[in-house]
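The following exercises concern aromatic pairing, burial of charge and cysteine bonding. Please inspect the sequence and the model before attempting them.

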Amino acid sequence: HCPNLEEIYLAQNKLSAIEGLDGSASVAEGAEDGAGGGGAALTKLRKIDLGGNRIRSLAGVGACVGLQELWLGKNKITAMDDNLTGLTNLVRLDIQCNRITEISHLDTLTNLEELYLSRNGISKVNGLGAL
């Protein structure tokens with residue numbers, strides 16, 4: 001358990017889910033491998049790089065309310081959902097090269113300065129007015 005952890009780099013692996021950032025399990029292919037375990041939420045975490053994995057959902061990232069940078073490019077994410085709304089300290093969000101068709105749930109990210117959305121197939125944009 002690493003309560004002072006500020007950055008995680010797990011790009012170019014085979015991760016299929018974002019788990020354990022609240023201290024409940026591991027960031028891994030699945031909790032069934034036994035690598036998980038209890039612990040405190042990673043409240044000091046400022047940067048996560050999970051690009052180039054097999055992640056399909058943003059579930060699990062919402063626990064990291066102190067995040068300033070979130071790199072999720074080149075995954076299999078299909079939707080921007082309410083898991084982003086609590087990340088009000090986010091300055092950079094890279095979610096390019098995924099499978100997103102609609103931009104939404106960004107209106108609470110008022111500190112956002114950089115947003116990377118290229119190569120997704122986006123056909124609808126919502127919630128950018130507050131940024």
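Helices (H or I, at least four residues) and strands (E, at least two) are DSSP runs, numbered from the N terminus. The model is predicted: local features need pLDDT of at least 70, side-chain atom pairs count only at pLDDT 80 or more, and totals for chains, interfaces and linings use all residues. Residues are numbered from 1 along each chain as its sequence is written, and side-chain values use heavy atoms, leaving out hydrogens and water.

**Exercise 1.** Determine the strand, burial and contacts of D94.

*Solution.* Step 1: strand β4 (residues 92–94) contains D94. Step 2: D94 is buried (under 20% relative accessible area; exposed is over 50%, partly exposed in between; 1.4 Å probe, protein chains only). Step 3: D94 has no salt bridge, that is, a side-chain nitrogen of Lys or Arg within 4 Å of a carboxyl oxygen of Asp or Glu. The nearest side chain of opposite charge is that of K74, 8.7 Å away, where Lys and Arg count as positive and Asp and Glu as negative, while His and the chain ends are not counted. Step 4: beyond neighbours within four places in sequence, D94 has contacts (heavy atoms within 4.5 Å) with L70, W71, L72, G73 and Y116.

**Exercise 2.** Establish how many disulfides the structure contains.

*Solution.* Step 1: the criterion is a pair of cysteine sulfur atoms within 2.5 Å. Step 2: the search of the whole structure returns 0 disulfides. Step 3: as for accessibility, C2 is partly exposed at 46%, whereas C97 is buried at 18%.
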